[in-house]
Amino acid sequence: MGKHKAGTRLIGPLLRGLALLLAVGLVGSAGWYVLRNNAAKGAEGSCPTTLHVVTASSFATVVSAAGRTLRSGNDCILVDTTSTDGRPAGGQLSQSRADLWIPDDAAWDVIAPPQFLAKKDTLDAYATLATSPIYMVTDPATGDRINAGGGSWLALSGLLNTKGSGVKMVVRNPAMSGDGMVAAGAVGEAVWLEKGMDASSLVLTNVLGVTRTVNHDLAAIPDAPGEVGLIPEYALLATLRLAKADRRYIVGSDHTALLRYTWLPAAAAAADPKKAAALRRLYAAFTSAEGSRAIAEAGLRGPDNLRPIFDGANVLPEPTAKPFEVLQPHHVQHIFATWDPEDRRSNLLIIVDLATNGTGSSAPTGGSSPPPGNKAPPIEVLRDGCNVLAGLMPVGSRLGLWEVNPGSPGYRKLMPTDRLDDASRAAFGKQVGKLAAHKTGPGLFDAIVAGYQSVRDDFQDDMFNQVLVFTDDQNKDSANAQAVNDLVQKLTGLQDPNKPVKVSVVVLGKKESADRLKDALKPVDAYVDNALQTSDVQAAFIHVVAGGLHE
């Protein structure tokens, strides 16, 4: 079946009313819901093949419409649909014995059970069935400020990240819908592409402080001056007649934030000839006249990327910028960890290595000076960062603090790794206050090896297990090829595939040192970067609780 013309996309009054109810109605007290196609369930057995489909609530009517085209004949197919949004869909896949998953964005594949999904291109896996761009919706004055900055997602993130700007964000809970995940991701992704992942982590954390997270309503409608609601087109189309006449709609001049409704067959269904044949027919049904009409009536764009015809839709600017890429798993984890403290749960050991010239200064003559932009000595920056990180980690995490101290054994345990609670958090703060610069000398690599072994031996299955190292490389350890090679060999010998421990090294102010270590530590898959200014150090601390300094 070919694609139908855009002129056939005019939604009928009844369906518009239904869409409106969906757009402004409640989704349930937890921010998500499950709807089961009970009629189809009751008819199970009347057709030789039943397909169990889990889909986003905003796509459920489309699946039902496509399924109706397969119900006739001796070879009919019954499509049993379960609607589940956000992270709960991961558990629903196994519970409902799903043959197919159609989430509201491809990035959700990260929450699927291991080996559950068919590989890409198997039975059209990862094909996009429909899309919906996300708009910034705000009052005229705030819209003018965003447009003055270029009308981009980067401009929005800059305003949100500026103290006292008065600009705030409204977004659906990123864990409970693609609307929220992709929208929040766009704010972080714009910074990631421009300034890197550490800066993106810092911005998302700062932005959360000026964000109103919507857990119940389907659309993140702004209701006060300065608020910017991030709303997908499908929800806007259903509510345009109720919208305030003076609203501004901005689609993003640098990139388009785009929901991608994605076809994800289950591996088991793809391996079953009977199920596979049924899935091929269902896939084709989405391009039938009825399937395409259902996509339009849901306010979604089909593969032709044409906007469905709705009254007043001309107030929405047409997206012209290239879409952001689908969020990668590590980027998604950043978003989850920003919004949910439980996603920051870590088993973390911090090792600090700052040297002096014997005068008590942590910025010795001829050595590393404070990174540009630092007004405080590096040791003060690290103390502040340690306290910020401890405040972000939830109760039940594990946190330890060591400092390099030349001599034997080369390090000092200011605080052995222990379970984090109010008492241990306070004790950690006291030990952070004791951090001090030491005389130049060896000890860093011994501390890293011992720290790695300590975290491995204390491995926690339900957390990220990490060693985070901050060094100014005053002893020029990075230039000692033999010592670096010995470090790699020792860490390799300690690795246990069942107990993965991530090592991250941040070099303060010395890019050449960081570059040397980055290449040398590749065999142990360590992450190495340099911090040039205070904000880089702060970003590194924040990034570590969002899944670790590891790509």
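**Close-up 1. The second largest cavity in this predicted model has a volume of about 50 Å³.** Its lining is made up of Ala184, Gly185, Gly188, Glu189, Trp192, Ser200, Leu204, Leu327, His331, His334 and Ile335. Three helices, α7, α8 (197-208) and α13 (329-339), each give two or more residues to this lining. Look to α7 for the biggest contribution here: this helix supplies five residues. Sorted by class, the walls of the second largest cavity come out as five nonpolar, five polar and one charged.

**Close-up 2. The largest cavity has a volume of about 80 Å³.** Around this space sit Asp105, Val182, Gly185, Ala186, Glu189, Ala257, Leu258, Arg260, Phe324, Glu325, Val326 and Leu327. Two elements, α7 (178-195) and β10 (258-265), give two or more residues each to the lining. Once again α7 is the one to watch, since the largest share of this lining, four residues, comes from that helix. The class tally for the largest cavity reads seven nonpolar, one polar and four charged residues. Gly185, Glu189 and Leu327 are worth picking out, as they line the largest cavity and also turn up in the lining of the second largest one.

**Close-up 3. Seven cavities of 30 Å³ or more are counted in the model.** The two shown in the views above are the largest, at about 80 Å³, and the second largest, at about 50 Å³. Helix α7 links these two views: α7 gives four residues to the lining of the largest cavity and five to that of the second largest.

**Close-up 4. Helix α3 (residues 60-68) and helix α12 (residues 289-297) cross at roughly 170 degrees, with axes that come within 8 Å.** That angle is over 145 degrees, so α3 counts as roughly antiparallel to α12. The crossing of α3 past α12 is right-handed.

**Close-up 5. Here are the residues where α3 meets α12.** On the α3 side, the ones to find are Thr61, Val62, Ala65 and Arg68. Facing them from α12 are Glu290, Gly291, Ala294 and Ile295. Taken by class, this contact holds four nonpolar, two polar and two charged residues. Among the nonpolar ones are Val62 and Ala65 from α3, along with Ala294 and Ile295 from α12. The charged pair is Arg68, which belongs to α3, and Glu290, which belongs to α12.

Key: Residues are numbered from 1 along each chain as its sequence is written. This is a predicted model: local features need pLDDT of at least 70, side-chain atom pairs count only at pLDDT 80 or more; totals for chains, interfaces and linings use all residues. Side-chain values use heavy atoms; hydrogens and water are left out. On a 1 Å grid over the protein atoms alone, a cavity is a set of points where a 1.4 Å probe fits but cannot get out, and a pocket is an open set with protein on both sides within 12 Å along at least five of seven lines; lining residues have an atom within 4 Å of a point. Grid points are joined across faces, edges and corners, and a volume is the space filled by probe spheres set on the points. Axes are lines fitted to C-alpha atoms, for helices over the stretch in contact, and angles run from 0 to 180 degrees between N-to-C directions. Angles under 35 degrees count as roughly parallel, over 145 as roughly antiparallel, 65 to 115 as roughly perpendicular and the rest as oblique. A crossing is left-handed if the near helix is turned anticlockwise from the far one by less than a right angle, and right-handed if clockwise. Contact means heavy atoms within 4.5 Å.
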